[in-house]
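Here are my notes on the model you sent round. They are set out as numbered points, to be read beside the coordinates.

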Amino acid sequence: MTRLQHLLDRLAPLLFLVVLALIVGACVPGVGGAPGGSATATPPPSQLPLEPAQPGANPVSLLAWLFTPIFQVLFITLTFFNQLTGNIVVAILLLTVVLKALTTPITRKQLVSSRQTQLLQPEIKAIQAKYKGDRVKQQAATQEFYKQRGINPASGCLPTLLTMGLLIPMYSVISQGLTNYDITPMLQVFGINLAEPLGIVCASAPIFNAAGQVTNPCLNPIAFGINWSYPEPTTTGLAILGFGISILAIISSGIQFVASRQMLAPLDPRMKDDPNIKVQRQMAYFLPLISILYGGMLPAGLFLYWIFSSIIQVGQQFLVMGFGGTFPLFGRYPEFARNHTPRYHVTLPEPKPIEPGTPTSAPERSKTLDRDISAQSTIRPNRTRSGRRGRRR
């Protein structure tokens, strides 16, 4: 795993919270209000018709407007599945399958790239040992090595960003689309009213309780005794020391733990002392626990989506990565995981053909690379005449 991938994996939960806060603020109608207006005069968003966001002067409104097409596509698809099945849980699961199917080509490319990068780590470590103490030469030699192998390590970061990008509008779809009393404005596409063919008839006015929650949403968010539009503790009442506990969040954390361990490289004796490997394994234990903190804040439907999406992800990873770095787990390494060959086994990429005029032997290529790197590291920037005059003063 590259430094960029490692950094994204560490910052993903924090970035998610930050961007989520921005989206929530942007998607709430009337938050910005008129200059000098009172915030208390604006009703909750569920008490207003669900309308597409409009671009405003502030960056948050612009961000919400950019996310609106994605939100609308996801919401219409979820509404279609809900009308088809009559169960919001089944609708969320079907939408998850559709999203994972559409992103499978990108996911497969990322998994192959990640596995190839893992297979090359011993050679990368040898390059780092050769240029130990000189970071410039290390980076130049590593880049040249990846170039020769035809691998772009940064390509493994795209699915992480794509997953975060889909999770944000999914939050809005569930938290707003399933709590609103009138969703028909969001079902208007190029002048076509999709509410009629879908058989959707919404109330003319909201009915809400003392907490400001709408009690007559257009889509029924309740299934199996749980209101999937609100955080799970709102329905179950589970709490410890006043902090809401979500069973779905705990399950999600466990599946993410398996997925993150699976993405690690299998233990290699040559890499056992690598500090980056140790940090990656430690983060694989820590990061999934953050989901538990989300449980009291995020809608139960979002965790349902995340759980099912993670299960599919584990299956996809198993086809390409096998068990990866899942074992040893708590000191155990079961026999069925030893020497397992994945269905789509990834091999080391062959070096690119040597161009005419390029040294053919390994020692010659090494000397040429050392000479080029040394030349790059010793090039000094041009100094202007005024700069020299300034130093004489």
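1. Where is the place of Asn-339? Asn-339 sits in the loop between helix 12 and helix 13. Please keep in mind that this is a predicted model. The backbone of Asn-339 deserves a look, since phi is near 55°, a positive value in a residue other than glycine. Asn-339 counts as exposed, because its relative accessibility of 80% is over the 50% cut-off.

2. The loop between helix 12 (300-321) and helix 13 (362-378) also holds Pro-328. The peptide bond that joins Phe-327 and Pro-328 is cis, with omega at about 0°. Anyone checking the backbone of this loop should look at Pro-328 as well as Asn-339.

3. Phe-224 is another residue with a positive phi, here about 55°, although Phe-224 is not a glycine. Which elements flank Phe-224? Phe-224 lies in the loop between strand 3 (222-223) and strand 4 (226-227). Is Phe-224 buried or exposed? Its relative accessible area is 67%, so Phe-224 is exposed.

4. How many salt bridges does a search of the whole structure find? The search returns two. As background, side chains of opposite charge can pair when their charged atoms come close.

5. One salt bridge is formed by Glu-123 and Arg-149, with 3.6 Å between the closest N and O atoms. This pair links distant parts of the chain: Glu-123 belongs to helix 5 (residues 121-130) and Arg-149 to helix 6 (residues 135-149), 26 residues apart. The two partners fall into separate exposure classes. Arg-149 has a relative accessible area of 16%, and it is classed as buried because the limit is under 20%. Glu-123, at 31%, is partly exposed.

6. Arg-338 and Glu-335 make a salt bridge through their side chains, at 3.6 Å from N to O. How exposed are the two partners? Glu-335 is exposed, with a relative accessible area of 62%. Arg-338 is partly exposed, with a value of 39%, because that figure lies between the cut-offs of 20% and 50%.

7. To sum up the points to check by eye: the cis bond between Phe-327 and Pro-328, the positive phi of Phe-224 and that of Asn-339. For the side chains, please inspect the pair Glu-123 and Arg-149 and the pair Arg-338 and Glu-335.

Technical notes
Residues are numbered from 1 along each chain as its sequence is written. This is a predicted model: local features need pLDDT of at least 70, side-chain atom pairs count only at pLDDT 80 or more; totals for chains, interfaces and linings use all residues. Side-chain values use heavy atoms; hydrogens and water are left out. A salt bridge is a side-chain nitrogen of Lys or Arg within 4 Å of a carboxyl oxygen of Asp or Glu. Helices (H or I, at least four residues) and strands (E, at least two) are DSSP runs, numbered from the N terminus. Buried means under 20% relative accessible area, exposed over 50%, partly exposed in between (1.4 Å probe, protein chains only).
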